[in-house]
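Open your viewer and keep the selection tool handy. We will go from stop to stop, with a word on what to look for at each.

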Amino acid sequence: MIRWMVNACPFAPGVAKPGSMAAPFTPRLTMRRRLVNWKSGLLVLSFVSLVLLYSYSYPSLNYSGTPFLFEDGYFIRMSLYTYVSSMLGFFIKKYRRGKRQGSR
Amino acid sequence: MTFKVGYLTPREANIWGLRRSDRSQSDIGRELGVSRQAVHRAYHIIDGKVEQAFMEAAETNNLTVKTINLVEGVMEAYSPAHDLPVLVSLSNCNGLKVWYLYEGNCGSCNLESSCRSVLEAEAEERGVELNALHQLMAPTQLAIEILGRYRVD
């Protein structure tokens, strides 16, 4: 027996509807834990140790005698190259993922 | 090409959308730069895919199919579990949506605004003009205004 149509709802009567989509509240402690964790600590430590290693071994690295480490924006250039290569990797991954999903 | 969009590729979805606007196969072919025969073949593929999507939606939601309008993308069905008539809509903007035909209660539902935006997009795609009166309607009533026109009985 089909009842007379009144309205239309995407949820059947009695079905539990999903809650509102409000952004979850993130406590300050959780935020700090998210920023300061062992991964970020390891990253900073490795960066500092690499800088120290380069600085101490600078005389042996610098065969030509012309300074390069702190000259000509060496760190800026290296940071820029790292950023560009990581972004390139990210976009290639994204493109491949999109292509894979599109072919399904 | 997922179940949600009726397994239609973007190209097929485009052709399906143009077909709903009552254009001839030749017109669609001219617009897309393909032959009328190619559009005709695409119609067959689209019909098969849309029907498959509707049948799977019916099976998943335990619905008894009554009628399927492959051109407009609306299936009339019946839900024995809830003893209610059901409309299943398929559109490019919202994909497959199941609409249970009963009073509903938008007043106490926190999804009212999302339902309204879904229906506004649905109306726009189906060429249904919404006036000020429609804006005042609850989404449950608005859904019937938009999708009720495709009911056979």
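Start by selecting residues 36–60 of chain B, helix H3(B). At 1.5 Å a residue its 25 residues should span 36 Å, and the end C-alpha atoms are indeed 36 Å apart, so the two agree. The expected span here is 1.5 Å times one less than the number of residues. Helices (H or I, at least four residues) and strands (E, at least two) are DSSP runs numbered from the N terminus.

A note on the model: it is predicted, so local features need pLDDT of at least 70 and side-chain atom pairs count only at pLDDT 80 or more, while totals for chains, interfaces and linings use all residues. Residues are numbered from 1 along each chain as its sequence is written, and chains are lettered from A and ligands numbered from 1 in the order in which they are written.

**Inside H3(B)**

Now colour the buried residues of H3(B), among them B:Val39, B:Ala42, B:Ile46, B:Lys49 and B:Phe54. Buried means 20 or more other C-beta atoms within 10 Å of the residue's own, with C-beta atoms placed from the backbone. Their cover includes H1, H2 (25–32), S1, S2, S3 and S4 of chain B. Just after the helix, click B:Asn62, which has a positive phi near 55°.

**The crossing helix**

Add H1(B), residues 10–20: its axis comes within 10 Å of that of H3(B), and the two cross at roughly 100°. Axes are lines fitted to C-alpha atoms, for helices over the stretch in contact, and angles run from 0 to 180 degrees between N-to-C directions. The pair is therefore roughly perpendicular (65 to 115 degrees). On the H1(B) side, show B:Glu12, B:Ile15, B:Trp16 and B:Arg19, which meet H3(B) residues including B:Tyr43 and B:Ile45; contact means C-beta atoms, placed from the backbone, within 7 Å.

**The sheet**

Which order do the strands of the open sheet follow? The five run S1(A)-S4(B)-S3(B)-S2(B)-S1(B), with antiparallel pairing (at least two DSSP bridges between strands). S1 (8–9) of chain A and S1 (64–69) of chain B stand at the edges, each with a single partner strand, so one side of each has no neighbour in the sheet. H3(B) packs on this sheet, its direction making about 145° with that of S3(B). Zoom in on S2(B) and S3(B), joined by six bridges, and find B:Met75 with its bridge partner B:Val88.

**Across the chains**

Finish at S1(A) and S4(B), which run antiparallel with two bridges; A:Ala8 stands opposite B:Leu101 there. Widening the selection, 26 residues of chain B are in contact with 14 of chain A.

Notes. Parallel < 35°, antiparallel > 145°, perpendicular 65-115°, else oblique. Contact = placed C-beta atoms within 7 Å. Buried ≥ 20, exposed ≤ 12 C-beta atoms within 10 Å, placed from the backbone.
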